Amino acid sequence: MIDVEKQINAVRRTVGDRTLEAGEARVVTISQSYATDAADLWDACTDIDRIRRWFLPITGDLRVGGHYALEGNANGTILTCDPPREFTATWEYGGDVSWIEVRIADEGPDRSRFELAHISHVDDRWEQFGPGAVGMGYDGALVGLTIHLSTGEAVDPSTGQEWMASEDGRRFMTHSGEAWYNANLAAGADPAWAKAAADRCLAAYLGEN
């Protein structure tokens with residue numbers, strides 16, 4: 001489906017902090033550069049028909065103030081939109097509300113970068129699983145985006161799920177978990193907690209707990 005090591009190494013991952021009105025938050029950021037122009041990358045991330053081709057089935061109104069729903073996953077409200085550079089939205093899942101900021105950066109006539117920051121309050125989920133709880137999911141999403149942009153083809157979600165359960169898919173998730181553990185350490189996390197959280201997160205993604 002994809003070269004595991006190449007994809008893992010193509011992605012930048014960082015962990016940071018932000019202070020919100022309601023208190024302390026963590027920011028998990030993932031980005032990847034693609035061999036397409038910024039207009040095409042923006043279209044792939046904001047056109048409802050194209051989002052379905054690489055991520056998940058999505059419904060709703062993708063305009064400021066509009067509501068979206070990803071099948072079997074999150075829903076939320078579009079907060080701001082500055083095409084073709086940035087949009088922000090709430091990310092509502094399991095009764096919790098967090099936020100996403102998606103940015104598209106022009107890196108030349110035929111190259112652009114996707115960046116997504118996920119901002120969430122420090123809670124029990126963070127303490128248990130660390131940044132990989134959302135970061136590993138976004139790693140998987142970027143596999144779909146990579147395939148779509150390089151081939152123009154749609155990625156069947158069921159095929160993606162089957163791949164994730166394969167030997168290559170499990171190796172990909174293991175490397176993703178290690179990468180988020182390293183990003184957490186680089187942000188100054190306590191090593192013992194970071195390792196335990198990364199181990200629990202990987203086990204959850206692999207269905208081992």
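Q: Is Glu-101 buried or exposed?
A: In this predicted model, local features need pLDDT of at least 70, side-chain atom pairs count only at pLDDT 80 or more, and totals for chains, interfaces and linings use all residues. Residues are numbered from 1 along each chain as its sequence is written, and side-chain values use heavy atoms, leaving out hydrogens and water. Buried means under 20% relative accessible area, exposed over 50% and partly exposed in between (1.4 Å probe, protein chains only). The relative accessible area of Glu-101 is 13%, so this residue is buried.

Q: Which residue forms a salt bridge with Glu-101?
A: A salt bridge needs a side-chain nitrogen of Lys or Arg within 4 Å of a carboxyl oxygen of Asp or Glu. For Glu-101 the closest N and O atoms of the pair are 2.8 Å apart. The partner is partly exposed at 28% relative accessible area. That partner is Arg-103.

Q: Which residues are joined into one network by salt bridges that share partners?
A: Side chains of opposite charge can pair when their charged atoms come close. A search of the whole structure finds 18 salt bridges. Shared partners join one set into a network: Arg-18, Glu-86, Glu-101, Arg-103 and Glu-115.

Q: With which residue do the side chains of Asp-40 and Asp-43 each meet in a salt bridge?
A: Asp-40 has its N to O distance at 2.8 Å, and Asp-43 has 2.9 Å. Both acids are partly exposed, Asp-40 at 25% and Asp-43 at 31%. The basic partner counts as buried at 14% relative accessibility. The name is Arg-50.

Q: Which helices hold Asp-40 and Arg-50?
A: Helices (H or I, at least four residues) and strands (E, at least two) are DSSP runs, numbered from the N terminus. The two residues are 10 apart, and the pair links distant parts of the chain. Asp-40 lies within residues 38-46 and Arg-50 within residues 48-54, so the helices are H2 and H3.

Q: Which side chains have polar contacts with Arg-113?
A: Arg-113 sits in strand E8 (residues 112-121) and is buried at 12%. A polar contact is a pair of N or O atoms within 3.5 Å; within protein, one must be able to donate a hydrogen and the other to accept it, and residues adjacent in sequence count only if both atoms are side-chain atoms. At 3.1 Å the partner is Ser-31. At 2.9 Å the partner is Glu-107.

Q: Which element gives the most residues to the largest nonpolar core?
A: A nonpolar core is a set of buried Ala, Val, Leu, Ile, Met, Phe, Trp, Tyr and Cys residues joined through side-chain atoms within 4.5 Å. The largest has 48 residues, of which Leu-41, Ile-100, Phe-114 and Leu-145 touch the most other members. With 8 residues, the top contributor is H5.

Q: How many residues of H5 are buried?
A: Helix H5 covers residues 132-151 and spans 28 Å from its first C-alpha to its last, close to the expected 28 Å. That expectation is 1.5 Å times one less than the number of residues. H5 is mostly covered, and of its 20 residues the buried number is 15.

Q: How many disulfides does the structure hold?
A: A disulfide requires a pair of cysteine sulfur atoms within 2.5 Å. The cysteine sulfur nearest to that of Cys-45 belongs to Cys-81, 12 Å away. Cys-45 is buried at 8%, whereas Cys-81 is partly exposed at 39%. The number of disulfides is 0.
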